[in-house]
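Trainee: Before we begin, I should like to understand how each label applied to a model is justified. May we take them one at a time?

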Amino acid sequence: MEKKSIKNIALNKKARHDYFVEDTYEAGIELAGTEVKSIRQGGINLKDSYCIVKNGELLVVGMHISPYEKGNIFNRDPLRSRRLLMHKREINKLNGHVMRDGYALVPLSVYFKGPLVKVEVGLCKGKKLYDKREDLARKQAGRELERELKEKNR
């Protein structure tokens, strides 16, 4: 079987800052043709997007895909809700976690897998302010350690 190449398009860095990512899932996304062309040009933003389960379907809300310049009448609303494609039992499992345990579904990244556009959805738990400060302190300590090691090796 041929291995498909993966090309990252957009990352949601804010999601990893605001949430603990417990688990990740891969989902397809239902797009119009001009939206795919716009994504190929890098016109996508995941910053304030989230996922909801509505009528047994998984939807991504708040994902901004810029209108394609040459798309004229075929362009869609940049902020419309888009359906994510997953198996029914996976959607039900995620919905159970969200309803019962206080988790959130957040799109972490969008990438091409071969010719297909895929979304990495994270099952996330919110961080408190002190957790964010702790993470920042840990990152800062790691940077300082790297800097010292680099200076020592010179």
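The exchange below concerns a predicted model and sets its values against the criteria behind them.

Trainee: Why is Arg 40 said to lie over the face of Phe 112?

Mentor: The distance from the ring centre is 4.4 Å. A charge over a ring must be within 6 Å of the ring centre and within 35 degrees of the ring normal. The value of 4.4 Å for Arg 40 therefore meets the distance limit.

Trainee: Which residue lies over the face of Tyr 103?

Mentor: Lys 125 does, at 4.4 Å from the ring centre. This value also falls within 6 Å, so the distance condition is met.

Trainee: How many aromatic pairs does the structure hold?

Mentor: Zero. A pair requires ring centres within 6.5 Å.

Trainee: Which residues touch the most other members of the largest nonpolar core?

Mentor: Met 63 and Leu 84, in a core of 24 residues. Strands β2, β5, β8 and β9, together with helix α3, each supply at least two residues of this core. The largest share, four residues, comes from β9.

Trainee: What makes up the lining of the largest pocket, by residue class?

Mentor: Six residues are charged, one is polar and one is nonpolar. Among the lining residues are Asp 135, Leu 136 and His 17. Leu counts as nonpolar and Asp as charged, whereas His falls among the others and is therefore polar.

Trainee: Which helix gives the most to that lining?

Mentor: Helix α4, with five residues; α1 (13-18) also supplies at least two. The pocket holds about 160 Å³ of space.

How values were computed: Residues numbered from 1 in each chain as written. Predicted model: local features only at pLDDT ≥ 70, side-chain atom pairs only at ≥ 80, totals over all residues. Heavy atoms only, no water. 1 Å grid on protein atoms, 1.4 Å probe; cavity = no way out; pocket = protein on both sides within 12 Å on 5 of 7 lines; lining within 4 Å. Points joined across faces, edges and corners; volume = space filled by probe spheres on them. Phe/Tyr/Trp six-rings, centres within 6.5 Å; stacked < 30°, edge-to-face > 60°. Core = buried A, V, L, I, M, F, W, Y, C linked by side-chain atoms within 4.5 Å. Buried < 20%, exposed > 50% of the residue type's maximum accessible area, 1.4 Å probe, protein only.
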